[in-house]
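Let's take a friendly walk through this protein, one region at a time. Have the viewer open and follow along as residues come up.

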Amino acid sequence: MNANTGASDDPVGEGGPRRGGLTTGEVARRLGVAPTTVRTWDRRYGLGPDAHTDGRHRRWTAQDVARLERMCALTATGLPPAEAARLARSEEGPTAPGPRSTDAARRVSGGHRSRAGSGLRLGDVRQECRGIARAALRLDAAVLDELLLAAIAEHGLVAAWTEVIVPTLQAVGRKWETSGEKYVEVEHFLSWHVSGALRCATSRTVEDRPGATTVLACVPGENHTLPLEVLSAALTERGIPVRMFGGALPVESLVAAVRRTGSAAVALWSQSRTTASRPLAQHVAAMEWGVRGARRRPVVLTLGPGWSGQAVAGLARPSGLAEAVAALESSVYP
């Protein structure tokens with residue numbers, strides 16, 4: 001699925017609030033902060049909506065949201081809130097924005113391109129990525145959990161992973177790689193909470209059905225489990241029994257697990273070419289069980305960038321989560 005699906009997927013349309021403006025709750029989700037934080041900034045620092053409307057619910061315009069996004073960007077650098085609020089207001093001219101404020105508004109609210117107010121280059125992504133990135137950088141566990149679960153509930157697990165979670169994880173990873181060991185804690189923090197959100201979104205376990213179980217495991221030496229966790233959640237959501245074995249499963253243990261479960265399918269994840277093993281994949285694909293004359297073999301999928309250039313003849317290598325789910329579904333329900 002394309003991450004940038006057009007204005008219909010943007011709750012604020014072309015980077016700004018829809019006609020009538022956003023509610024405080026919608027602004028908070030966009031920014032990745034609690035609604036009480038938005039109200040506090042309004043009350044203490046005068047960062048509320050410029051236009052006052054009747055009724056209990058105040059509406060925030062594009063200019064109002066851009067000012068709050070500047071506030072987020074400044075506080076993310078460690079600036080005290082009062083000083084950040086003063087600067088956020090000073091970047092706006094009393095009538096028309098000057099060059100500096102125009103540049104700032106373009107950086108934080110023009111279209112979909114965003115740095116998340118933190119130096120994270122997110123590129124063309126859904127609006128939810130901004131809030132998730134900001135919450136992760138602040139190490140705000142409560143808000144991060146809320147935003148992740150809201151994204152899964154709104155878009156569905158596969159789309160939320162592909163279009164919201166992965167772009168944010170990649171942005172954090174790039175920040176870590178280019179900052180000399182900084183932001184490692186942010187990457188670990190975000191990954192941990194994504195894992196927790198996946199479990200919360202699909203908390204039930206599907207009962208075993210003979211010949212329908214799927215085994216998910218990282219190859220020996222591979223510890224990147226998060227892609228398999230989301231695959232496990234997506235299959236569980238579809239009623240497919242899953243046995244998840246996580247990171248760096250030894251060869252002997254993998255073979256024993258496949259035999260004991262009588263798996264319909266096995267997915268082997270490799271993040272790095274140094275861990276991808278053609279002989280292992282071929283061995284698992286050649287395993288047989290059942291009575292003579294009706295023996296079965298598992299369908300084996302090689303997943304992850306580690307298999308790039310390591311294609312195994314006769315074995316599928318889906319390019320993404322949706323393709324992997326479809327391939328495993330068809331192996332269980334041919």
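Start with Arg297, which is partly exposed because its relative accessible area is 49%, and the partly exposed class runs from 20% to 50%. Keep in mind as you look that this is a predicted model. The side chain of Arg297 meets that of Glu288 in a salt bridge, with 3.1 Å from N to O. Glu288 has a relative accessibility of 35%, so this residue counts as partly exposed too.

How many salt bridges does a search of the whole structure find? The search turns up eight. Some of them share partners, and in this way Arg30, Glu69 and Arg130 are joined into one network.

Let's take that network apart, beginning with Glu69 and Arg30. These two form a salt bridge in which the closest N and O atoms are 3.5 Å apart. Glu69 sits in helix α3 while Arg30 belongs to helix α1 (residues 24–31), so their pairing ties together parts of the chain that are 39 residues apart in sequence. Are these two partners buried or exposed? Both Glu69 and Arg30 are buried.

Now turn to the other side of the network. Glu69 also forms a salt bridge with Arg130, and here the closest N and O atoms are 2.7 Å apart. This pair links distant parts of the chain, since Arg130 is in helix α6 (residues 128–137) and Glu69 in helix α3, 61 residues apart. Arg130 is buried, just as Glu69 is.

While you have helix α3 (residues 62–76) in view, find Arg67, which lies in this helix. Arg67 counts as buried because its relative accessibility is 3%, and the limit for that class is under 20%. What does the side chain of Arg67 reach? It comes to 2.8 Å from the backbone oxygen of Gly48.

A little earlier in the chain is helix α2 (residues 35–45), whose buried residues are Val38, Thr40, Trp41, Asp42 and Tyr45. After α2 comes Gly46, which has a positive phi, near 70 degrees.

Next, have a look at the largest pocket, with a volume of about 1100 Å³. Its lining consists of 34 residues, and those nearest the centre are Trp161, Val166, Pro227, Trp269 and Gln271. Which helices each supply at least two residues of this lining? Among them are α8 (157–178), α9 (184–201), α10 and α13 (321–332). Sorted by class, the lining has 18 nonpolar, twelve polar and four charged residues.

Helix α10 (residues 226–237) also holds Ser232. With a relative accessible area of 14%, Ser232 is buried. Setting aside residues up to four places away in sequence, Ser232 touches Leu216, Val242 and Met244.

Finally, zoom out to the whole protein. You will find 13 helices and six strands. The chain has 334 residues, of which 48% count as buried. Among contacts between residues at least 6 apart in sequence, 66% join residues at least 24 apart. The salt bridges of Glu69 fit into this view, with one partner, Arg130, 61 residues away in sequence.

Terms used
Residues numbered from 1 in each chain as written. Predicted model: local features only at pLDDT ≥ 70, side-chain atom pairs only at ≥ 80, totals over all residues. Heavy atoms only, no water. Helix = DSSP H or I, 4+ residues; strand = E, 2+ residues; numbered from the N terminus. Buried < 20%, exposed > 50% of the residue type's maximum accessible area, 1.4 Å probe, protein only. Polar contact = N/O pair within 3.5 Å; in protein donor to acceptor, adjacent residues only side chain to side chain. Contact = heavy atoms within 4.5 Å. 1 Å grid on protein atoms, 1.4 Å probe; cavity = no way out; pocket = protein on both sides within 12 Å on 5 of 7 lines; lining within 4 Å. Points joined across faces, edges and corners; volume = space filled by probe spheres on them. Nonpolar A, V, L, I, M, F, W, Y, C, P; charged D, E, K, R; others polar. Salt bridge = Lys/Arg side-chain N within 4 Å of Asp/Glu carboxyl O.
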